[in-house]
Amino acid sequence: MKKLNFSVPQAQFVYRYAGWILAAILLITFAALPYAKRLKLHANFMDLLPAKTPSIVNMKALNNQVGGSSYLIVVIESPVEETARLAAERFARQVQTFPSVGSVDNRTSFPAFEHRKLLFLTYESIEKLRRNVQDVIDYNRRKNNPFFIELMEEAAPSIDIESLTLEEKVSRIGGFSSKGKDSFMQAVVIKPRHPMSDFDRSEVLFKEMYDAFDEIKKELASSDPLIMALTGPYKVRYDEYKTIVRDLRVTGTLCIVLIALIMIVGFRSFRSIFYIYVPLGIVMFWTSAFASIAIGYLNLISGLLFAILLGMGIDYAIHLRITLEHHLKESGSLKTAIEKTYAEVGRPILTSCLAASTAFFSMAISSFEGFRHFGIIAGVGILLSFIVVIYGVPSLMVVVERYFPAKNQKSNPGLKVEIPRGVTGAILSLCILFSIYSFTQIFRIKFDYNFANLQARDEGIKLAERVYNHFGVELTPAAFITLNRARAVELAEQINHYIQTHSETSFDFSASIMSHVPQKQPEKILLLSQIDDLIERRQALISTLDPKMQEQIKNLRSKLKPKTLGVNDLPKGLTQQYEGQGPDVSVVFVFPRECILDGQVAKRFVTELRSLPVARDVTLAGEPVIYADILMLLERDTPRALVLSFFMVILILFMHFKRPAHVFWVLLPVVTAFLWMIGMVSATGFKFNYMNMAILPSVLGAGIDNGIYIYHSYKNKQGQNIFDALRNTGKGVLLASLTAIAAFTSLLFARHAGIASIGKLGFFGFTSCFLTSIIFLPAIIQFFETRRKPLQASRDSLAIVSSSKSSSLYKT
Amino acid sequence: MGNKKFSIIQHICQFSNRVTIGALLCLVSTGFLAGAASADNQTPEQAIKTFLETVRSMEFPASDPVRHAELVREANAYLDVETMGSQALVDHLAQISSEEKDMFFDLLWKLIEAVAYPKNKNLMNTEQIVYGEPIPSEGGFQVPVSLKTEDPEAPVTSMSYHLTEKEGHWKIDDVVLDDVSIIEDLKYQFNKIIAESQFSGLLEKMRERLAKAEAENKNEKA
């Protein structure tokens, strides 16, 4: 590799053409603006997988044929039952006309279901109901008989239809009404046409629904309070996404403020903040424009890009600015300062930039679009950061200092710290002890597979739990698309038989359209008519019961004369959920036994679905399949990308340092930092999860950066010990590390537990990188240096001199 | 000729048979009705009326204990608690000792006095009582009784008392409500308790209930 020289010619070029360079940068920025503006965030899980992935193709087919596979639940509440019922009925009718709504189930006001409700019970449950009615009659008869002497504390029997067993679990899902303590709740179950993970379309649909509800409220003109709330998987996932976006906005602002404060304290001038933030802002525009042109959008992973770019870019800017400032104060000439700065940190910044961008480009090998897009955009973004920072910061300084020269350019004599002899050994011993402890904790790392543990527990989740408890079913089924109804019925029976014979299965139940048509209807109708006769014969007794029980029996009687329910009697909305508009498709839904937000459950569920012996023309689709595919790819590609990144970084380091021993010293702090991070994680009981794993490459990048700067400085200062070398780079490493730690600390204030866990892991990771770079690496180098070449007897103590008064490591 | 003679004899026999059957039926029905009115010269309907009126006159708790004891004795004379209790306990009678049996009937009588009479009184205090025609049934008579309120819309409680003649008195040995005999209801309860806690458990429950009823009756006054 030809040695790049950033010193004299580059510096002269920048000094001479600073204005032109800035003009070019601004021109490119203006040209990039329209593209950057066009960049959108696709908050859709489907965008994390390649478009040709079978699960994506099948999901699109499922959406086209029958709509999405999951549910949105609208809850309408009022203290007055009639108001809630009327509003729900009107709402259901209106929503049915929305193009984005596939089907609406408000079966409480649908006679085909309401009067035939009891047919959906098992025959045994209807028999139990008959006994129940008989028990109520017997109990009250005994009580009414003046000669009866109650010797037992007999609880009054009741008629509880809700506690009876449904023939098909799928019948639990549907609109329902429920009386709460102070209000009456009416739930309408909706199946949107778009996938649950398409948050943009969900947002539009939710707005339309709230608008429609407002209109209904006006139409009803009722003085009774009437409220509407949305829940179900569609809303819960959307809320989670919004929480993440909100958290990123809040923590992002906090992060910028914290970093600015650190820099004010570190540099003691607003000028430095200006020199650092302006180029970084420009990098953001350039990278956004690139992403817009090359990919077209950001996905949920590449959405994190700006935080990464800010973190990495600020490192380059800090190192450059500190060195420039130092040499400017020393020489009094900006031209000389630029020359010296380029000579001193130009190559380390380039190497660091190449290492980071190569690490990110390595992620592009993944077939997981989340990683691939992130790798490409972040890799290019890092290169752009380098260009803008390396040319932009000095050019900006030249132009600004020309018109607004800074006062007090005298060089700071620096601070000197005396460290007693033996401290290095003590530090080293402590470092080694903690490393040994951390090593023993490697196999004790805990991983939390459950995304549910990462959600913010807000009102939406609590309402969802209330509704889910009513259904008793996980509302995220997978779907088998078959070619006709007969095949679907056969497959549903086959799967249900499989469930009965496999106690360990992850399936709860499967359902085809025919699952909504009750079995043994003639026998059930006969049994129901017997209950009706029983009630009829005991009217005199029933009329003596308390009004509540009388009302219950009256309601029951209204359901005791059902007519047979055929598939053609089913509401269109329900049929469409299974068969869409045409006869050439019939879907079988398979519901999971546990919540698929637990990654382990999702993977087991989908693996088991794929292991079923289904015909070749039957396709598997649904959100759980995509979700499991993403998790499987994440698990497969994360270690691959990390290992490849690591080797690519080593390659870059070899190109820079040439000698394996030097590469070893650069890698030592980052490897140790990873070890220490594990130690901290284990000591605090912290758990890794799918979200916080994404920051590991950043920790790798930051650790290597620190190693490069410190070791490069040490290597180039022949005759100086490592602590002397730190005098030049210590402040940069300190500020860069503190800014990263501050950025991740700000994430601790996130409401979303997943984001907060990123903050915590980032804090552990970057603190480890900082400590290993600034303490462990110098200590161990010093240890070997002393053994190899004994120092002069007069050197009784080590000296650390820093130009910064702010560092806690240095004292006046 | 012989055939003709035989035919005349046959006719005579047939006629005499009819007369005999008719006479027998007249005798039986007359005897039955005579029997129905024979006990204390009361009809079953009158016996029920007297019983219910006696219960209605009771006070709980009694302001005049002597008068109350007299009324209880009068009402008790119309009840056949032994038959009622024996039938309700039919599945267990063979297994229990005579002491236990005596204890059971003693408690049952006391419970009737402390629980059933107040319930009967409460029931009748608010109702208008309509007595139906006695219907012969199982060696006695069923007397339908309807309890009505002044509200024509209000439900009518219909019961049926079964009476048999014993030692020259009409005695109530069953009360049927909604086609179900009190004996069946008591039997259901006794069987359930005995299955859970033996016969001794039943006696214990009866004692507890008696104590509770007596306390309730006292509290009513307070």
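Trainee: How many salt bridges does the structure hold over all chains?

Mentor: Over all chains, this predicted model holds 36 salt bridges. Side chains of opposite charge can pair when their charged atoms come close.

Trainee: What makes the pair of Asp532(A) and Arg557(A) a salt bridge?

Mentor: The N to O distance between the two side chains is 2.8 Å, and the rule asks for a Lys or Arg nitrogen within 4 Å of a carboxyl oxygen of Asp or Glu, so Asp532(A) and Arg557(A) qualify as a salt bridge. Because Asp532(A) lies in helix α16 (residues 521–537) of chain A and Arg557(A) in helix α18 (residues 547–557) of chain A, the pair ties together parts that are 25 residues apart in sequence.

Trainee: Why do Asp532(A) and Arg557(A) get their labels, buried or partly exposed?

Mentor: Asp532(A) has 7% relative accessibility, and buried means under 20%, so Asp532(A) counts as buried. Arg557(A), at 23% relative accessibility, falls between the limits of 20% and 50%, and therefore counts as partly exposed.

Trainee: How do you know that Lys110(B) and Asp106(B) form a salt bridge, and where do they lie?

Mentor: The closest N and O atoms of Lys110(B) and Asp106(B) are 3.3 Å apart, and since the limit is 4 Å, the pair is called a salt bridge. Both residues lie in helix α5 (residues 98–125) of chain B, and because they are four residues apart there, about one helical turn separates them. With relative accessible areas of 37% for Lys110(B) and 38% for Asp106(B), each is partly exposed.

Trainee: What separates Arg207(B) from Glu204(B) along their helix?

Mentor: Arg207(B) and Glu204(B) are three residues apart in helix α6 (residues 182–221) of chain B, so about one helical turn lies between them. Their closest N and O atoms are 3.3 Å apart, and they form a salt bridge. Arg207(B) is partly exposed at 35%, and Glu204(B) is partly exposed at 39%. Elsewhere, salt bridges that share partners join Asp532(A), Glu536(A), Arg557(A) and Lys561(A) into one network.

Trainee: Which kind of aromatic pair do Phe360(A) and Phe374(A) form?

Mentor: Over all chains the count comes to 27 aromatic pairs. For Phe360(A) and Phe374(A), the ring centres are 5.6 Å apart and the planes are at 90°; pairing needs centres within 6.5 Å, and planes over 60 degrees apart count as edge-to-face, so this pair is edge-to-face. The pair links helix α11 (residues 334–362) of chain A, which holds Phe360(A), with helix α12 (residues 369–403) of chain A, which holds Phe374(A), and the two residues are 14 apart. Phe360(A) has a relative accessible area of 2% and Phe374(A) one of 4%, and because buried means under 20%, both residues are buried.

Trainee: Why are Phe509(A) and Phe591(A) called stacked?

Mentor: Their ring centres are 4.5 Å apart and their planes are at 10°, and planes under 30 degrees apart count as stacked, so the label follows. Phe509(A) lies in strand β11 (residues 507–511) of chain A and Phe591(A) in strand β12 (residues 586–592) of chain A, 82 residues apart, and both residues are buried.

Trainee: What makes the pair of Arg209(B) and Glu150(A) a salt bridge?

Mentor: The closest N and O atoms of Arg209(B) and Glu150(A) are 3.8 Å apart, and because the limit is 4 Å, the pair is a salt bridge. Between chain A and chain B the count is four salt bridges.

Trainee: How many residues are in contact between chain A and chain B, and which three supply the most of the area that chain A buries?

Mentor: In this model, 19 residues of chain A are in contact with 32 residues of chain B. Phe147(A), Ile149(A) and Leu151(A) supply 34% of the area that chain A buries against chain B, more than any other three residues. The two chains bury about 2400 Å² between them, 64% of it on carbon and sulfur atoms. Phe147(A) also belongs to one aromatic cluster with Phe51(B), Tyr117(B) and Tyr161(B).

Conventions:
Residues are numbered from 1 along each chain as its sequence is written. Chains are lettered from A and ligands numbered from 1 in the order in which they are written. This is a predicted model: local features need pLDDT of at least 70, side-chain atom pairs count only at pLDDT 80 or more; totals for chains, interfaces and linings use all residues. Side-chain values use heavy atoms; hydrogens and water are left out. Contact means heavy atoms within 4.5 Å. Buried area is the accessible area (1.4 Å probe) that two parts lose on being put together, summed over both. Rings of Phe, Tyr and Trp (its six-membered ring) pair if their centres lie within 6.5 Å; planes under 30 degrees apart count as stacked, over 60 as edge-to-face and the rest as tilted. Buried means under 20% relative accessible area, exposed over 50%, partly exposed in between (1.4 Å probe, protein chains only).
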